[in-house]
Amino acid sequence: MASSDGLWALAALGLALVAAQGSVAGADTTPVASVLRQQIGQSITMNNVYVSSVPADEGFWVDSDHGRMWVQIETVVESPYDVDAGDTVSFSGRVVAHGPEFPTQVGVTGGEGAAGLAGAGAHISIPLNGLAFVNTGI
């Protein structure tokens with residue numbers, strides 16, 4: 001297992017603990033922007049991740065011990081998914097860089113975290129078939 005895979009395995013474990021417990025004692029405080037930028041170009045698989053909000057048709061925020069991470073479903077048409085805050089999902093994709101205009105391109109406003117998304121400089125991009133629901137927030 002490569003060191004970057006190990007980092008993401010630990011991050012996924014942290015995400016699962018956050019979803020289950022609300023916080024992780026002694027959580028890594030490295031800002032999410034730094035974590036994501038270090039992983040640009042890397043494949044990622046995350047399991048049982050809590051969706052905190054869904055401000056865009058094909059994008060949503062997930063929580064981690066580093067902070068919120070943006071997940072973007074890559075499609076040119078409306079996806080068949082109905083992702084809601086409170087859902088638990090698993091996905092596979094890739095960490096990709098983006099510029100400061102990215103939040104506007106995907107429809108994220110200031111109140112929905114546009115500044116944080118722009119500042120992160122990277123997000124998780126998943127293919128249309130890369131998302132699975134573990135449960136729903138019903």
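So, strands S1 and S2: these two form a hairpin, with 2 residues between them. Keep in mind that what we're looking at is a predicted model. The two strands pair in the antiparallel sense, over 3 bridges. If you want one spot to look at, take valine 51, whose bridge partner in S2 is valine 62.

Now, S1 covers residues 43-56, and it has business with S4 as well. Those two run antiparallel and are joined by 6 bridges. One place to find that pairing is valine 49, which has valine 89 as its bridge partner in S4.

Okay, back to S2, residues 59-64, and to aspartate 63, which lies in that strand. Here's something to ask about this one: which side chain of opposite charge is nearest to aspartate 63, and how far away is it? It's arginine 68, at 5.7 Å. A salt bridge here would need a side-chain nitrogen within 4 Å of a carboxyl oxygen, so aspartate 63 goes without one, even though it's buried. What aspartate 63 does have is a polar contact, side chain to side chain, with serine 52, at 3.2 Å.

And arginine 68, what is that residue doing? Well, arginine 68 lies over the face of tryptophan 61, 4.0 Å from the ring centre.

That brings us to the rings. How many aromatic pairs does a search of the whole structure find? The count is 2. One is tryptophan 61 with tryptophan 70: the ring centres are 5.1 Å apart and the planes sit at 80 degrees, so we call the pair edge-to-face. Tryptophan 61 has a relative accessibility of 4%, so it counts as buried. Tryptophan 70 comes out at 1%, so that one counts as buried too.

The other aromatic pair is tyrosine 81 with phenylalanine 133, and this one is tilted, with 6.0 Å from centre to centre and 50 degrees between the planes. Where do the two rings come from? Tyrosine 81 is in the loop between strand S3 (67-74) and strand S4 (88-97), while phenylalanine 133 is in strand S6, residues 131-135. So this pair ties together parts that are 52 residues apart in sequence. And is phenylalanine 133 buried or exposed? Somewhere in the middle: its relative accessibility is 33%, so it counts as partly exposed.

If you'd like to trace this yourselves, start at tryptophan 61, find arginine 68 over its face, and then look across to aspartate 63, 5.7 Å from that arginine.

Methods: Residues are numbered from 1 along each chain as its sequence is written. This is a predicted model: local features need pLDDT of at least 70, side-chain atom pairs count only at pLDDT 80 or more; totals for chains, interfaces and linings use all residues. Side-chain values use heavy atoms; hydrogens and water are left out. Helices (H or I, at least four residues) and strands (E, at least two) are DSSP runs, numbered from the N terminus. Buried means under 20% relative accessible area, exposed over 50%, partly exposed in between (1.4 Å probe, protein chains only). Lys and Arg count as positive and Asp and Glu as negative; His and the chain ends are not counted. A polar contact is a pair of N or O atoms within 3.5 Å; within protein, one must be able to donate a hydrogen and the other to accept it, and residues adjacent in sequence count only if both atoms are side-chain atoms. Rings of Phe, Tyr and Trp (its six-membered ring) pair if their centres lie within 6.5 Å; planes under 30 degrees apart count as stacked, over 60 as edge-to-face and the rest as tilted. A charge sits over a ring if NZ of Lys or CZ of Arg is within 6 Å of the ring centre and within 35 degrees of the ring normal. Two strands pair if DSSP finds at least two bridges between them.
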